[in-house]
Amino acid sequence: MSDNDWLASVPRLELGHGPTPLEPLHRLSRELGGPMIWLKRDDCTGLATGGNKTRKLEYLMADALEQGADCIVTYGAVQSNHARQTAAACAKLGLPCHLLLSQRVDWPHESYQTQGNVLLDKLLGAILHTSSLEDAATARKKLLEKLHGEGRRVYEIPAGGSSPVGALGYTRCLEELMAQCADQGVGGNLIVHASASAGTQTGLVFGKSVLDLDAKILGINVFHPDPQTLKDRVTQLATKMAESWPQAELKQAFDVQVNHAYFGEGYGQPTQGCIRAINMAAQLEGLLFDPVYSGKALAALIDQINLGNLNHLDDVILIHTGGGASLGAYIDAF
Ligand SMILES: Cc1ncc(COP(=O)(O)O)c(C=O)c1O
């Protein structure tokens, strides 16, 4: 019996394209003069321009259908990639999708409110609700009361799809990635990714323990002003995963590593390094990164290579968590 038979037995709907490729970035790596950067292309998961939420939604939507839901409600910032991928999953499954989007990012250009993910949410047929950050809890309560009053069987997905069920998507991703490293002869000692609502990092950290890997999993904090909040959240979610799937044998303590140095002025505020990294990836590799999440993770990796901190490695892995759909909302940042 393989280590992860417990995972194969959890209900999952195939919503995305997989396995996503693991590709070398030859030109960017040569330009930087450090280890070979291998990109795990989770920007190509397939659900309406892809991204990391697709893997979480495969488990969340299976759970929703099992529970007999006839309507999905989820939450996020106005330019939430999670909201857009949830809208796409709902369209594919024929479920009404309510998105409660809160104004938590101060980006005054009007494109932020209308372009990028907002445009796609509408195109995908989602029902959009907006609120200020302060009013988000009240708006949620009112929306749920209204839907329950109409007799709807609501399945609520937390912001970012970051529940123990959603995080399973990244435990599965780690299993897929390790198989690719073995097949392609890639060193998997360092895995870098953008971290926010913590589900991606939790799934990876949980997987590292179950698979008993040496790899360092490094979350680049893009959301929490205090990085300890992110670390605590990963540990709490991973502990809940362990309670939910006791068949998964943990072989190590949870190893939660977060870098806060690339956070900049706040969530949704691109740094100069992030904008530079996005331009480099676009012009050297023909790749699209985003100003909120994956661009900051790429900026972190580029800086660490430039500082010489990764010279001891032949290969580094960056998980491209997607987000390119928001580029048009940040038109004035470029
Ligand atoms: C493009 C992108 N990358 C990374 C993340 C972070 O993932 P998580 O919320 O699971 O920490 C998100 C989610 O908000 C995202 O949209």
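**Ligand contacts and pocket**

Analyst: In this predicted model, a backbone N or O atom of A196 lies 2.7 Å from an oxygen atom of the ligand.

User: What makes the pair between A196 and the ligand a polar contact?

Analyst: The cut-off is 3.5 Å between N or O atoms. The A196 pair is at 2.7 Å. It is therefore a polar contact.

User: How do you know that N52 and T321 make polar contacts with the ligand?

Analyst: A polar side-chain atom of N52 is 3.0 Å from a ligand oxygen atom. For T321, a side-chain N or O atom is 2.6 Å from a ligand nitrogen atom. Both pairs are within 3.5 Å, so both count. The protein covers 97% of the 390 Å² of accessible area that the ligand has on its own.

User: Which residues are closest to the ligand, and how many surround it?

Analyst: The ligand is surrounded by 17 residues, with K53, K56, A196, S197 and T321 the closest. By class, four are nonpolar, ten polar and three charged.

User: Why is K53 counted as charged?

Analyst: Lys belongs to the charged class, so K53 is charged.

User: What pocket does the ligand take up, and which elements give two or more residues to its shell?

Analyst: The ligand takes the space of the largest pocket. The elements are α3 (53-66), β7 (190-195) and α9 (199-211). Domain 1 (5-50 + 163-333) and domain 2 (53-161) each give at least three residues to the shell.

User: What is notable about phi of A198, and where is A198 found?

Analyst: Phi is near 85°, a positive value in a residue other than glycine. A198 is in the loop between β7 and α9.

Technical notes
Residues numbered from 1 in each chain as written. Predicted model: local features only at pLDDT ≥ 70, side-chain atom pairs only at ≥ 80, totals over all residues. Heavy atoms only, no water. Near = heavy atom within 4 Å. Polar contact = N/O pair within 3.5 Å; in protein donor to acceptor, adjacent residues only side chain to side chain. Areas by Shrake-Rupley, 256 points an atom, 1.4 Å probe, with all protein chains shown as cover. 1 Å grid on protein atoms, 1.4 Å probe; cavity = no way out; pocket = protein on both sides within 12 Å on 5 of 7 lines; lining within 4 Å. Sits in = over half its atoms within 2 Å of the grid points. Helix = DSSP H or I, 4+ residues; strand = E, 2+ residues; numbered from the N terminus. Domains from an automatic or database assignment.
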